[in-house]
Amino acid sequence: MQQGKFDEAIEAFENSIQEGVRMFEAFVNLGYIYFKEGDLEKVIQANSRAVEIEPRYARGYSNIGFAYLQMGKTDEAIEALEKALELNPEIVQAMCNLANAYLQKGDIEKSIEVNSRMLALAPEFGLGHNNLANAFFMKGEYKEAVRHCDKARALGFEVHPEFLRLLEPHRGT
């Protein structure tokens, strides 16, 4: 979407919101546009407004968590993503982001637990296998790291070449 189109979309959503339309979806859509523009603070603001209107809207919390994760605010990300999954335990992307947040925080066990739960729901999710491979690698469980890396690749996920290089000495062990 070109910048002019972003501006038009933002104006349209802001107008509908100002006119008293209490559609939480308008705030979520506005948050998406802010995300495309790279304004994570506004993503959080828009989605926070959405969950004020509709507190049971799990994706709003998931979007907030993702924005916090991108900002490096792992504690805030974990809180929002846990809330999203409390409301809807089957949001695969929220699980993926939560697992990454735990990994960034250094809680490898919790990351493995969440990744495993996610892959039970979406066994063909290549990114999930890649993330689990990274967590197992960090834990020193190289056989599992190789297994999940290979599964990610078989599913068409492009594993980072440096990670493949790091795994190479552990193949066949």
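Let's start inside helix α3, where Val-43 lies. Val-43 counts as buried, at 4% relative accessibility. Setting aside residues up to four places away in sequence, Val-43 touches Gly-31, Tyr-34, Phe-35, Asn-63 and Ala-67. Another partner to look at is Leu-30, 13 residues away along the chain: the C-alpha atoms of Val-43 and Leu-30 are 7.7 Å apart. Please keep in mind that this is a predicted model.

**The overall picture**

Stepping back, the protein has 10 helices and 0 strands. Its pattern along the sequence therefore reads α-α-α-α-α-α-α-α-α-α. Of the 173 residues in the protein, 44% are buried. The exposed area is about 9,400 Å², and 50% of that is supplied by carbon and sulfur atoms. As for how the chain meets itself, take the contacts between residues at least 6 apart in sequence: 45% of these join residues at least 24 apart.

**Two nonpolar cores**

Which residues have the most contacts inside the largest nonpolar core? They are Ile-64, Leu-85, Leu-98 and Val-114, in a core of 29 residues. Six helices each supply at least two residues of this core: α2 (24-37), α3 (40-53), α4 (58-70), α5 (74-87), α6 (92-105) and α7 (108-121). The largest share comes from α6, with 7 residues.

Val-114 gives a nice local view. Leaving aside neighbours within four places in sequence, Val-114 is in contact with Met-95, Leu-98, Ala-99 and Tyr-102. There is also a second, separate core, made of 17 residues, and it includes Leu-119, Ala-133, Phe-136 and Cys-149.

**Rings and a charge**

How many aromatic pairs does the protein have? The count comes to 3. Two of them, both involving Phe-137, are set out here.

| Pair | Centre to centre | Angle between planes | Geometry |
|---|---|---|---|
| Phe-137 and Tyr-142 | 5.3 Å | 65° | edge-to-face |
| Phe-137 and Phe-163 | 5.7 Å | 80° | edge-to-face |

Why does the pair of Phe-137 and Phe-163 tie together separate parts of the chain? Phe-137 lies in helix α8 (residues 126-139) and Phe-163 in helix α10 (residues 161-167), so the pair links parts that are 26 residues apart in sequence. Ring pairs join Phe-137, Tyr-142 and Phe-163 into a cluster. Within that cluster, Phe-163 is buried, with a relative accessible area of 7%, whereas Tyr-142 counts as partly exposed, at 29% relative accessibility.

A ring elsewhere in the protein has a charge for company. The charged end of Lys-83 sits over the ring of Tyr-61, 5.9 Å from the centre of that ring.

**The cysteines**

Are Cys-96 and Cys-149 buried or exposed? Cys-96 is buried, with a relative accessible area of 1%, and Cys-149 is buried too, with a relative accessible area of 0%. Cys-149 is also one of the residues in the second core. A disulfide is a covalent bond between the sulfur atoms of two cysteines. The count of disulfides here comes to 0, because no pair of cysteine sulfur atoms lies within 2.5 Å.

Technical notes:
Residues numbered from 1 in each chain as written. Predicted model: local features only at pLDDT ≥ 70, side-chain atom pairs only at ≥ 80, totals over all residues. Heavy atoms only, no water. Buried < 20%, exposed > 50% of the residue type's maximum accessible area, 1.4 Å probe, protein only. Phe/Tyr/Trp six-rings, centres within 6.5 Å; stacked < 30°, edge-to-face > 60°. Helix = DSSP H or I, 4+ residues; strand = E, 2+ residues; numbered from the N terminus. Lys NZ or Arg CZ within 6 Å of the ring centre and 35° of its normal. Contact = heavy atoms within 4.5 Å. Areas by Shrake-Rupley, 256 points an atom, 1.4 Å probe, with all protein chains shown as cover. Core = buried A, V, L, I, M, F, W, Y, C linked by side-chain atoms within 4.5 Å.
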